Amino acid sequence: MKIKANLSAGNIIEWLFSILLILEVNSVFFKSYNFDFYISELACVCVLALIIINKVSVNKRILIFLLIYEFFALFYLFILVNTYADGMVPYSVKFIIFLPIMVVYYGTNENRGVSLIIKMANCVVILAAASLVAYFVSYVVSPFGYFTVDWGGVNNYGNYIFFFLGQKQEIAGRHFVRNIGVFCEAPMYAFVLSMAFCTQLFFYRKPRKVKIVILIITILSTLSASGIAVMAGLLVLKYYLGDLTGLEYGSGKICKIKKKGFLKYVLGVIGIVAAAVVVYDLYKFKVSTGNSYRIRVDDYVAAFKAWLSNPIFGVGYDNSAAIIQYMADWRIKRYSNQGFSNAVSHILATMGIFGAGTYILGFFYGIKGSIKKKKSYVAVQFMVLLALMSVTVVPMQLSVLQYVALGLVVMCQTSHKRTVVNI
C-alpha cells in the first residue's frame with residue numbers, strides 16, 4: 001500500500017494549527033513559567049495564513065455579522081478598562097482577532113471545521129501513544145530534567161518529553177501517578193482525549209480500532225473521573241447509534257447499523273448498567289476521598305454569586321480573583337490553591353450574559369445546523385464539548401472558540417431563507 005503525504009503549504013499549516021490548538025488547552029508549554037511560547041498568537045498567524053493560501057472570500061452575510069460582532073466586542077473591551085484591565089490583551093487576542101478570523105475561514109466552507117477536528121483528533125492519538133510509553137518509562141527511569149510551570153503556583157514537573165510527572169492520585173491509601181501527558185493536570189488531558197475519542201468513534205464509518213484502544217488506555221491512565229465517565233457514555237452511545245456518517249469524513253447521510261437480535265439489546269442493557277455502576281463508583285470515590293467533589297460544587301456557588309454582582313458584563317474577562325472572594329471560608333482557609341474546575345460558570349461569572357451569549361448562539365446553531373443536515377456526528381461532538389465544559393476549566397481556549405465560530409457561521413447562513421446549511 002502506497003501512502004501519499006500531502007505536503008502542500010496549506011495542509012502543513014493546518015496540521016501545525018491543530019497542534020497549537022491542543023497545546024493551548026493549558027499544556028505545560030502554554031503555562032510555562034520561564035518562557036512564553038506565544039501559542040495563542042501563533043495560532044492566529046496560522047489562521048491568517050490559511051485564509052491567504054485558500055484565498056478565502058467574505059460573503060455579505062458574514063461581513064455584516066462581523067461588523068456587528070466587532071462593534072460589541074470592542075464595546076466589551078472598553079468595559080474591561082474599568083473592570084479588569086489585566087484581561088484586555090488575552091481578550092483581544094481571542095475575541096477580537098481569533099474568533100472573527102475563524103468565522104471568516106469557515107465562512108465559505110464549513111467542512112474546514114470537520115477537517116480541523118479530525119486533524120486534532122489524529123494528533124491527540126499520536127500524543128496519547130507517546131505519553132503512554134513515557135508514562136510507563138517514568139516508573140523505571142529518572143526524569144530527563146524539570147520543567148517549571150505556573151499552574152496553581154510555581155511548580156517543577158519531571159520531564160519525560162511526552163509525559164510530565166506532576167500529579168498523583170490517592171486510591172485506597174496508595175498514591176498513583178496520573179498520566180497528564182504534556183498538560184498541567186489530568187482533567188485537561190482527559191478533556192483533549194475525550195474530544196478526540198468522540199471524533200474517532202463518530203466521524204468515521206469504520207473507526208480505527210487501534211486508535212480507539214490507545215485512547216481508552218490513555219484515558220484510564222489519567223485516573224480522571226470525568227474522562228472515564230464520558231468515555232463510557234460515548235461507548236454506549238456508539239453501540240446504539242452505530243454509523244452516523246455514511247462515508248469517511250462525512251457525507252451527510254446517516255447509515256445506522258441495524259440492531260439485530262434480542263441478544264444485542266440484552267447486551268446493550270447490561271452495558272448501560274455496567275457503565276452506570278462505574279460512573280456511580282467514581283462519583284462515590286470523589287465524594288468520599290478528599291474534597292474534590294465539595295470544591296467542584298463550591299465553584300458553581302462562588303461563580304453564581306460573582307455573576308450576581310454584575311450579571312450583564314460579569315466581573316471581568318478571566319478574572320478568577322473576583323470569583324475567589326465568593327468561595328467558602330473552609331476552602332480559602334485550608335487551601336492555598338483556589339483553582340477553578342468548570343468553564344460554564346466561569347464564562348457566565350467573568351463575561352456575564354453579554355459574553356455568554358456568543359457561546360450560546362455558537363453552540364445552539366452548531367447543534368441545530370448539524371442535525372438539520374443529518375450530520376449528527378457533529379452534533380454529538382458539540383454536546384460532548386458542552387458536557388466536558390461543565391466539569392473542566394476550558395472557558396476561553398481556542399479549541400473551544402473554533403467550535404463557537406463554526407456555529408456562528410451556521411447562524412449567519414440560516415439567517416437567509418434560501419441558504420443551505422452545510423457542516
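A cavity is a set of grid points where a 1.4 Å probe fits but cannot get out. In this predicted model, a search of the whole structure for cavities of 30 Å³ or more returns one. The space in this largest cavity amounts to about 140 Å³. Its lining comprises 16 residues, and those closest to the centre are Met120, Val192, Met195, Ala196 and Tyr403. Four helices, namely H5, H6 (residues 186-202), H14 (376-389) and H15 (398-414), each supply at least two residues of the lining. Of the contributing elements, H6 gives the most, with five residues. The lining of the largest cavity is made up of 13 nonpolar and three polar residues, and no charged residue takes part.

The second largest pocket was examined in the same terms. About 310 Å³ of space lies within this pocket. A total of 15 residues line the second largest pocket, and Tyr69, Phe72, Ala73, Phe354 and Thr358 are the closest to its centre. At least two lining residues come from each of helix H3 (60-83), helix H4 and helix H13 (343-372). Classification of the lining of this pocket gives 12 nonpolar residues, three polar residues and none that are charged.

Charged side chains were considered next. Two salt bridges are found in a search of the whole structure. One of them pairs Glu14 with Lys119, and the closest N and O atoms of this pair are 3.7 Å apart. Glu14 belongs to helix H1 (residues 9-23) and Lys119 to helix H5 (residues 111-137), so that the salt bridge links distant parts of the chain, 105 residues apart. Glu14 has a relative accessible area of 9% and is therefore buried, the cut-off being under 20%. Lys119 likewise counts as buried, because its relative accessibility is 10%.

The other salt bridge joins Lys94 to Glu24, with a distance of 2.9 Å between the closest N and O atoms. Because Lys94 lies in helix H4 (residues 88-107) and Glu24 in the loop between H1 and helix H2 (39-53), this pair ties together parts of the chain that are 70 residues apart in sequence. Both partners, Lys94 and Glu24, are buried.

Some helices recur in these descriptions. Helix H5 carries Lys119 of a salt bridge and supplies at least two residues of the lining of the largest cavity. Helix H4 holds Lys94 and provides at least two residues of the lining of the second largest pocket.

Conventions. Residues numbered from 1 in each chain as written. Predicted model: local features only at pLDDT ≥ 70, side-chain atom pairs only at ≥ 80, totals over all residues. Heavy atoms only, no water. Salt bridge = Lys/Arg side-chain N within 4 Å of Asp/Glu carboxyl O. Buried < 20%, exposed > 50% of the residue type's maximum accessible area, 1.4 Å probe, protein only. 1 Å grid on protein atoms, 1.4 Å probe; cavity = no way out; pocket = protein on both sides within 12 Å on 5 of 7 lines; lining within 4 Å. Points joined across faces, edges and corners; volume = space filled by probe spheres on them. Nonpolar A, V, L, I, M, F, W, Y, C, P; charged D, E, K, R; others polar.
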